[in-house]
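Here are my notes on the model you sent over. Have the structure open while you read, and go through the points in order.

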Amino acid sequence: MRTAPRRWTALTAVAAAAVLTAGCGGGSGDDAATDGLTVVAGFYPLEWAAERVGGDRASVSSLTPAGAEAHDLELAPRDVAAIGEADLLVYLEGFQPALDEAAGSEAGDAAWNAGDAADLVEGDHHGHAEEKHAEEEHAEDEHGHDHGDEAVDPHFWLDPTRLAAVGDALAERFTELDPDGAAAYEENAAALRADLEELDAEMEAGLATCAVDTLVTSHEAFGYLAERYGLEVVGISGLSPSQEPSPAQQAEIADLVRDRGITTVYSETLVDPAVAETVAEEAGARVAVLDPIEGLTDESAGEDYLQVMRANLATLQEGQSCS
Ligand SMILES: [Zn+2]
């Protein structure tokens, strides 16, 4: 029942966007008094951060359409053209392969990898490099299945403090391109940081005392969030939702759910809930929905990053039995 209206909504949004684009097409030169920046972002959290930092000096668009799965982005010819024309492409290396390619071939010096400022770590979130090396030998015994240990986890934005660092770095990059905006960019990034630190404090307080500290999710999107707030994350799929788990891996996670007294398994918006539902059913747990905020739709539990993160916090507090 959910599929049909969602598809209809997505098509409507695309149609509306097309009308808007057509309507603005000729007028963009009229109000270019400030000679603002044209910024193309890979997907929603980068778009949102760029909009916040750019304020009214930047025109920001996202390459991932609302409701589309961000990992599997495919670029249309007009997207490639937009990348070529933009003052800056804000992307995340290793997250959207199509964009990694276009960053090199189309954007050149105008490509800006948010991952540098976000301080990305490998998918297992074990901390220091020395520890990690020692643990790699035991990884198979501990987990019994492959987490893609060598792969870098791209999902940094689910830790608000890392997104704030990206905002600060964006302000510096925008200033290089548009020195007249230096004060505005700095002020905007500071306001963004203040909002994100407020959210961070709420999450830290809200998740400080939870009866269950293992987080079982559809794919491994929540490693940075878990690391920040003292939870341990187990992804049913790997770092990308398209990595299908085997029946043996699903059964193993169902065992873990039972063993650790986990009451809630999380499916995700924009990802088929079937895998999470199978594990939950096998283990006698319930399913709740978390939003990895890889895109925003009409069905998102909020209208921007901050609102959806607060909805995630409420979902987690219930699902992990936090007091
Ligand atoms: Zn993801």
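**Notes on the fold**

1. Start with helix α4, residues 97–107, which lies across β3 and β4 and runs at about 160 degrees to β3. Bear in mind throughout that this is a predicted model.

2. The two strands under α4 belong to an open sheet of four strands, ordered β2-β1-β3-β4 and paired in parallel. Its edges are β2 (58–62) and β4 (111–113), each with pairing on one side only. From one strand to the next, the twist averages 25 degrees. If you want to check a register, β3 (residues 88–91) and β4 pair in the parallel sense over three bridges, and Leu 89 stands opposite Ala 111 in β4.

3. Now a loop: Asp 72 sits between β2 and α3 (77–85). Is Asp 72 buried or exposed? Neither label quite fits, because 13 other C-beta atoms lie within 10 Å, which makes Asp 72 partly exposed. Have a look at Gln 96 too: it is 24 residues from Asp 72 along the chain, yet their C-alpha atoms are separated by 6.5 Å.

4. Stepping back, the protein has 13 helices and eight strands. Of its 323 residues, 41% are buried. Take contacts between residues at least 6 apart in sequence: 60% of them join residues at least 24 apart.

5. The helix pair α8 (160–177) and α9 (182–206) deserves a look. Their axes come within 9 Å and cross at roughly 180 degrees, so α8 is roughly antiparallel to α9. Contact residues on the α8 side include Leu 163, Ala 164, Gly 167, Leu 170, Ala 171 and Phe 174, and on the α9 side they include Tyr 185, Ala 189, Leu 192, Arg 193, Leu 196 and Leu 199.

6. What is the span of α9? Its end C-alpha atoms are 36 Å apart, and the 25 residues should span 36 Å at 1.5 Å a residue, so the two agree. Among the buried residues of α9 are Ala 184, Asn 188, Arg 193, Asp 200 and Met 203. Cover for the buried residues comes from α2, α8, α10 (223–229) and α13, among others.

7. Helix α13 (residues 305–319) passes a similar length check: its 15 residues reach 21 Å from first C-alpha to last, close to the 21 Å expected. Its buried residues are Tyr 305, Val 308, Met 309, Asn 312, Leu 316 and Gly 319. They cover an arc of only 100 degrees around the axis, so they are on the same side of α13. The general rule behind such a pattern is that an α-helix has 3.6 residues a turn, so residues three or four places apart point the same way. The elements covering the buried residues of α13 include α2 (44–54), α8, α9, β7 (264–268) and β8 (286–290). Just after α13, check the backbone at Ser 321, which takes a positive phi of about 55 degrees.

8. Last, β7. Five of its five residues are buried, so β7 is largely enclosed by the rest of the structure. Both faces are covered, with buried Thr 264, Tyr 266 and Glu 268 on one side and buried Val 265 and Ser 267 on the other. β7 pairs with β8 in the parallel sense over five bridges, and Val 265 stands opposite Val 287 in β8.

Terms used: Residues are numbered from 1 along each chain as its sequence is written. This is a predicted model: local features need pLDDT of at least 70, side-chain atom pairs count only at pLDDT 80 or more; totals for chains, interfaces and linings use all residues. Two strands pair if DSSP finds at least two bridges between them. Axes are lines fitted to C-alpha atoms, for helices over the stretch in contact, and angles run from 0 to 180 degrees between N-to-C directions. Two residues are in contact if their C-beta atoms, placed from the backbone, lie within 7 Å. The expected span of a helix is 1.5 Å times one less than its number of residues. A residue is buried if 20 or more other C-beta atoms lie within 10 Å of its own, exposed if 12 or fewer, and partly exposed in between; C-beta atoms are placed from the backbone. The arc is that of the directions from the helix axis to the C-beta atoms. Angles under 35 degrees count as roughly parallel, over 145 as roughly antiparallel, 65 to 115 as roughly perpendicular and the rest as oblique.
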